[in-house]
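This report looks at a ligand and its surroundings, then at the spaces in the protein and two points of the backbone. Please keep the sequence and the structure in view while reading.

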Amino acid sequence: MPKIKAALLGLGTVGAGVYEVIQRYQDQLKELVGAEVSIVAILIQDKDKERVIADDILLTNNIREILAIPNLDVIFESIVGAEPAFTYLEDAINQGCHIITANKEMFAKHGNILLQKAKEQDVQIGFEATVAAGVPIIRTIQQQLQFNKIEKIQALLNGTSNFILTEMREKQLPFAEVLETAQSLGFAEADPTNDVEGIDAFYKLMILSQLVYGRQPQWESVEIKGIASIPDIHHATGRYKHIAELKKEGEQIQAFVQPVLTDKTHPLYHVEGVNNAVVLHTSLAGTITIQGPGAGSKPTASGMIEDFVHIFQKDAARSKKLASL
Ligand code: HSE
């Protein structure tokens, strides 16, 4: 049976989720992609940290050791921040490696360049997990909404923010305490600044803008406010929702990310906890809402694994076609 050689860049909440799924569901993966999936290397920061990882996997903090592995097929990247992730992925693509990323900041900033390079090198990039974790919004737009025009998007794109707002309102808990819970559940980033200040949701909105409109608005023109700016969550009459909105008026793309006090009539009012939701206002199909857990180890790993299956089924189909020529 053919073998797919995979490497993970990053072994935090997301990377550990991907590792576990690949190790645990080998048979199911084999059945879906027609090959054995083998994790051959993992890029980590601290080599001395204790981890339960199979002995035959190379653990290194040197990307060159990973890129030197002959016939590496795919990289799962879940590093935080634009660099060095972008440079690593660019190098990997140039070597003919498929890429699956969950890195929203990197992809909002450099996704377009990577997609162009991937096209030139004839490799695939999966980025489902960059937006709303395992909620299949990227592929839904790419594959199922090609003819429709998406006139407007209203979304909850940060699981931590929605979790904090829900818990504070329902349980009358203080902000700091709920944030700590969100971190311990693996929803918030290790440094949660981008979560609570709206930057994380902004990056995800920019990825959607690129996908839907083929470009992004000027970043300086987008008003970004996080949940930390809400004056008194505990006494609000209604539900505060941290909304990311995107629309095209004429040739202009307008976007904002901010807390909005919603009532029952708002399409995002009922979306609670760590859930994300994306409301797509489309020209033909009408209003479509897609919702599910927007953060956490397994939901994010799910988005990456689905990308993996998609890429390698396509690869297998192509090899079969070539073999029959
Ligand atoms: N910290 C992010 C969130 C993780 O809370 O939405 C998923 O991107």
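## Polar contacts of the ligand

In this predicted model, an N or O atom in the side chain of T160 is 2.6 Å from an oxygen atom of the ligand. N158 also places a polar side-chain atom by an oxygen atom of the ligand, at 3.4 Å. For F187 the backbone takes part: one of its polar backbone atoms is 2.8 Å from a nitrogen atom of the ligand.

The ligand taken alone exposes 260 Å², and 93% of that is buried by the protein.

## The shell around the ligand

There are 13 residues around the ligand, and the ones that come nearest are K104, T160, F187, E189 and D195. T160 and F187 are thus named twice, since they appear among these nearest residues and also in the contacts given above.

Sorted by class, the shell holds five charged residues, four polar ones and four nonpolar ones. Two elements give two or more residues to this shell, namely α7 (159-171) and α10 (199-213).

## The largest pocket

Where does the ligand sit? Its place is in the largest pocket, which has a volume of about 1,100 Å³. The lining of this pocket is made up of 46 residues. Nearest the centre of the pocket lie G12, S78, I79, V80 and E189. E189 is also one of the residues that come nearest to the ligand.

Which elements each supply at least two residues of the pocket lining? They are α1 (13-24), α5 (104-121), α7, α9 (193-196) and α10. Two of these, α7 and α10, were met before as elements of the ligand shell. By class, the lining of the pocket has 18 nonpolar, 18 polar and 10 charged residues.

## The cavity

The model has one cavity of 30 Å³ or more. The largest cavity has a volume of about 40 Å³. Its lining consists of L165, R169, I233, A236, G238, R239 and Y240.

At least two residues of this lining come from α7, and at least two from β9 (239-249). The element α7 therefore has a part in the cavity lining under the rule that helices are DSSP runs, and it also supplies residues to the lining of the largest pocket. The cavity lining divides into four nonpolar residues, two charged residues and one polar residue.

## Two backbone details

Most residues other than glycine have a negative phi, and most peptide bonds are trans. Two places in this model can be read against that background.

Is the peptide bond from E83 to P84 cis or trans? The bond is cis, and its omega is near 10°. P84 is placed in the loop between β4 (74-77) and α4 (85-94).

The other place is A132, a residue other than glycine with a positive phi, near 60°. A132 lies in the loop between β6 (125-126) and α6 (137-144).

Definitions and conventions
Residues are numbered from 1 along each chain as its sequence is written. This is a predicted model: local features need pLDDT of at least 70, side-chain atom pairs count only at pLDDT 80 or more; totals for chains, interfaces and linings use all residues. Side-chain values use heavy atoms; hydrogens and water are left out. A residue is near a molecule or strand if one of its heavy atoms lies within 4 Å of it. A polar contact is a pair of N or O atoms within 3.5 Å; within protein, one must be able to donate a hydrogen and the other to accept it, and residues adjacent in sequence count only if both atoms are side-chain atoms. Accessible areas come from the Shrake-Rupley method with a 1.4 Å probe; for residues, only the protein chains shown count as cover. On a 1 Å grid over the protein atoms alone, a cavity is a set of points where a 1.4 Å probe fits but cannot get out, and a pocket is an open set with protein on both sides within 12 Å along at least five of seven lines; lining residues have an atom within 4 Å of a point. A molecule sits in a cavity or pocket if more than half of its atoms lie within 2 Å of its grid points. Helices (H or I, at least four residues) and strands (E, at least two) are DSSP runs, numbered from the N terminus. Ala, Val, Leu, Ile, Met, Phe, Trp, Tyr, Cys and Pro count as nonpolar, Asp, Glu, Lys and Arg as charged, and the others, Gly among them, as polar. Grid points are joined across faces, edges and corners, and a volume is the space filled by probe spheres set on the points.
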